[in-house]
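This report looks at a metal site and a helix. Please keep the sequence and the model at hand while reading.

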Amino acid sequence: MRGLAKTSRSQGAMELVERDRPEPAPDEALIEVDYAGLCGSDAGIYEFESAFERMELPTIIGHEYSGRVVEVGDAVTKFSVGDRVVERPIRGCGDCYQCEIGESNVCQNAVITGVDHNGAYEPYIAVPEDALHPVPDSVEQQHAAMVEPTSIGARAVIQNSRVRAGTRVLVEGPGPIGLLTAQVARAQGAEVVVSGVGQDAEYRLPLAEELGFETLNIADDDLDAVRDELTDGVGYDVVFDTTGHPSGLPSAVDEVRKGGQIVLVGQTGETTMPYSPLVRAEIDLQCSYASKYEDFENALRLIDTGDVDAETFIDDRFSLLEADEAFETFIEGGTCKPVFDVSVLRD
Ligand SMILES: [Zn+2]
Ligand SMILES: [Zn+2]
């Protein structure tokens with residue numbers, strides 16, 4: 001079998017390498033991977049951004065996937081052969097203060113599948129049973145590959161925002177996390193607008209429209225005029241910054257109403273801005289990072305009900321046999337959520 005690995009500390013450098021099928025440890029299940037998504041952090045590894053310098057290479061990447069249990073270690077009690085599963089890829093250590101108080105998403109020693117150890121862009125992966133999550137029969141296997149990114153949006157909206165019925169929401173950034181966050185916010189009863197930049201006009205903003213959202217292109221539209229029209233001159237109650245760009249936070253400050261909330265989801269890098277206006281407007285600045293068990297449960301249910309529209313959202317045009325094409329297209333904004341059929345790597 002083969003796997004797609006990051007092989008050197010430079011831009012690109014993703015190669016198919018020969019791999020042996022892993023042996024599960026006593027507490028692990030061996031998963032046959034069916035579908036795996038491409039995420040912004042995978043693109044970050046492709047570009048080899050500084051956040052990934054800690055990686056030991058080669059490492060098989062991929063952390064959002066669905067599969068089936070094909071073998072279990074002797075100590076595994078919760079899963080058996082044939083179960084369909086997804087993985088919670090950010091693993092807390094279980095011992096640090098945050099893990100002890102139930103904040104495993106901000107564990108001091110967290111490790112991430114597909115970054116700190118081999119991931120799911122290969123046909124088999126051995127996973128501790130505590131990191132696995134069962135998939136209900138009613139959720140299709142390809143759709144289940146979207147559970148992990150959906151859980152990020154579910155946490156941002158359900159756990160970390162003030163969104164409720166009637167809330168006026170702006171989601172900045174029509175990337176995968178942005179469009180999932182938008183769908184979860186709508187499921188909570190919010191009125192949601194999605195904004196993007198020039199290159200998003202090709203694929204991501206049209207996808208947002210297909211998903212039923214009003215959209216703004218900050219390169220073309222007069223944001224002040226649109227905000228005044230949509231919010232009666234008040235500003236949005238909640239703004240989610242999912243851009244991962246330094247302009248995301250300052251522009252959220254322009255768009256949010258006094259007394260409103262900004263939720264930072266994307267990792268925006270460095271920015272300099274005056275903070276007094278935030279204090280004087282009593283803006284609630286909230287961060288949301290990763291996800292936990294409950295967020296995975298919520299994500300599965302949102303996909304199951306169709307509130308998160310996996311069918312429309314998933315882009316299955318790409319192959320792991322020509323993965324560079326998927327990465328380059330993703331980086332240019334020409335796709336949003338590529339999901340690969342991993343079975344092509346089995347022989
Ligand atoms: Zn991801
Ligand atoms: Zn920990």
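## Zinc site

In this predicted model, C107 is buried (under 20% relative accessible area, with over 50% counted as exposed and values in between as partly exposed, using a 1.4 Å probe and protein chains only), because its relative accessible area is 9%. C107 (SG) is one of the protein donors of the zinc ion (ligand 2), together with C93 (SG), C96 (SG) and C99 (SG), and these lie 2.3 to 2.4 Å from the ion; donors are N, O and S atoms within 2.8 Å of the metal (3.2 Å for Na, K and Ca), and since water is not among the atoms, sites may look incomplete. Along the chain, the donors follow the spacing C-x2-C-x2-C-x7-C. C96, in the loop between β7 (90-91) and α2 (97-100), and C107, in the loop between α2 and β8 (111-112), are 11 residues apart and link distant parts of the chain. C96 also counts as buried, at 7% relative accessibility.

The four donor atoms subtend angles of 103 to 120 degrees, which makes the arrangement around the zinc ion (ligand 2) tetrahedral, a term that requires all angles of four donors to lie between 85 and 135 degrees.

## Helix α5

Helices are DSSP runs (H or I, at least four residues), as strands are (E, at least two), numbered from the N terminus. Nine of the 12 residues of α5 are buried, so this helix is largely enclosed by the rest of the structure; among them are P176, L179, L180 and V184.

The 12 residues of α5 (residues 176-187) should span 16 Å at 1.5 Å a residue, and the end C-alpha atoms are 17 Å apart, which agrees; the expected span is 1.5 Å times one less than the number of residues. Just after α5, G189 takes a positive phi of about 100 degrees.

## Basis of the values

Residues are numbered from 1 along each chain as its sequence is written, while chains are lettered from A and ligands numbered from 1 in the order in which they are written. Local features need pLDDT of at least 70 and side-chain atom pairs count only at pLDDT 80 or more, whereas totals for chains, interfaces and linings use all residues, and side-chain values use heavy atoms, with hydrogens and water left out.

Methods
Tetrahedral: all angles 85-135°; square planar, octahedral: opposite > 155°, others 65-115°.
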